[in-house]
Structure formats: structure tokens, C-alpha cells
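Me: I am new to this structure and would like to go through it step by step. Please show it first.

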Amino acid sequence: ENRLMDDECMMLADLAPMLENYGEKIYFVGDGYDLAIDYKIKNTAHTPECLRYANAYSVGKVAYKKLTNGEGVTDAQLRVNYLRKPQAEREREEKLKSEGKL
């Protein structure tokens, strides 16, 4: 239930030293789960598969908790937080750079 940091896109080599002195077990979730576990960061524990990825139930639980704590938002206030550009956009930029158009 406790987040150690805000969402951020970073290399595991930079993340590992930040987490190695944390005194409790660390459970990774999301798309980078397998990479993080394979990196063998100290204090990590395996997250049950049913808890690794967001699903309607988990999103609903978080939303309900926020709503009951007075932190609810309207549908118009919801925003997606992309941590990096989509792959297609990154590849397009690389192509334009190699062609000298960017």
C-alpha cells in the first residue's frame, strides 16, 4: 500500500542504489516487474501475479479509497501520466534525426 516514490522512468542501475538501504521488502508492480526481479535488487520480494498489473478491481479499490478520503476527481480531471514517448514516436524521431530533418 505504500509507494516509495512517484512514477518515474529510470535505469535499474540508478534505481538499485536508492532501494538497497530500504529496510523492508520491496514489491515491484507493472510492466517492468520481470526486469526488476531479474536485476536482483536487495530486499525485493516476488509479487503475486494477480497483483502485478492494474485491473478493474485494483483501480476501483484505489479510486474508492481516494474518494472516501476526499481525494476524488471528476472524469474531466483524470489524466494519463506517460513516463516516456510511445515507441512509434521515438522511432520516428530517430529516423528524422538520421535524415537530418530534426
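Me: Is Gly70 buried or exposed?
Reply: Buried means under 20% relative accessible area, exposed over 50%, and partly exposed in between, with a 1.4 Å probe and protein chains only. Gly70 has a relative accessibility of 65%. Gly70 therefore counts as exposed.

Me: What should I know about the model and its numbering before going on?
Reply: This is a predicted model, in which local features need pLDDT of at least 70 and side-chain atom pairs count only at pLDDT 80 or more, while totals for chains, interfaces and linings use all residues. Residues are numbered from 1 along each chain as its sequence is written, and side-chain values use heavy atoms, with hydrogens and water left out.

Me: In which order do the elements of the protein run from the N terminus on?
Reply: Helices (H or I, at least four residues) and strands (E, at least two) are DSSP runs, numbered from the N terminus. The protein has five helices and two strands. Their order is α-β-α-β-α-α-α.

Me: Where is the place of Gly70, and how far apart in space are Gly70 and Tyr57?
Reply: Gly70 lies in the loop between helix 4 (56–68) and helix 5. In sequence, Gly70 and Tyr57 are 13 residues apart. From C-alpha to C-alpha, the two are separated in space by 20 Å.

Me: Which span should helix 5 have, and how far apart are its end C-alpha atoms?
Reply: The expected span of a helix is 1.5 Å times one less than its number of residues. Helix 5 (residues 87–98) has twelve residues, so it should span 16 Å. The distance between its end C-alpha atoms agrees with this, at 17 Å.

Me: Which residue takes a positive phi just after helix 5?
Reply: The phi there is about 70°. The residue is Gly100.

Me: Which residues that are not glycine have a positive phi in the loop between helix 2 and strand 2?
Reply: Most residues other than glycine have a negative phi. In the loop between helix 2 and strand 2 (44–45), Lys40 has a positive phi of about 65°, and Lys40 is exposed at 65% relative accessibility. A positive phi of about 75° belongs to Asn43, which is in that loop and is partly exposed at 26%. The residues asked for are Lys40 and Asn43.

Me: With which residues is Lys42 in contact, leaving aside its neighbours within four places in sequence?
Reply: Contact means heavy atoms within 4.5 Å. Lys42 is found in the loop between helix 2 and strand 2 and is partly exposed, with a relative accessible area of 46%. Its C-alpha atom is 8.6 Å from that of Ile26, although the two are 16 residues apart along the chain. The contacts of Lys42 are Glu20 and Ile26.

Me: Which elements give two or more residues to the largest nonpolar core?
Reply: A nonpolar core is a set of buried Ala, Val, Leu, Ile, Met, Phe, Trp, Tyr and Cys residues joined through side-chain atoms within 4.5 Å. The largest has nine residues: Leu15, Ala16, Leu19, Ile26, Phe28, Tyr33, Ala36, Ile37 and Ile41. Two or more of these come from each of helix 1 (12–19) and helix 2 (33–38).

Me: Which residues does Phe28 touch, not counting those up to four places away in sequence?
Reply: Phe28 is itself a member of the largest nonpolar core. Its partners are Leu15, Leu19, Tyr33, Ala36, Ile37, Ile41, Thr44 and Thr47.

Me: How many salt bridges are found, and which side chains meet at 2.5 Å?
Reply: A salt bridge is a side-chain nitrogen of Lys or Arg within 4 Å of a carboxyl oxygen of Asp or Glu. The whole structure has three salt bridges. Glu71 and Lys66 meet at 3.4 Å, N to O, and Glu99 and Lys101 meet at 3.5 Å. The pair at 2.5 Å is Glu93 and Lys85.

Me: Is Lys101 partly exposed or exposed?
Reply: Its salt-bridge partner Glu99 is partly exposed, with a relative accessible area of 40%. Lys101 has 60% relative accessibility, so it counts as exposed.

Me: What radius of gyration does the protein have?
Reply: The radius is taken over C-alpha atoms, and the globule rule is 2.2 Å times the number of residues to the power 0.38. A compact globule of 102 residues would have a radius near 13 Å. The protein has 18 Å.
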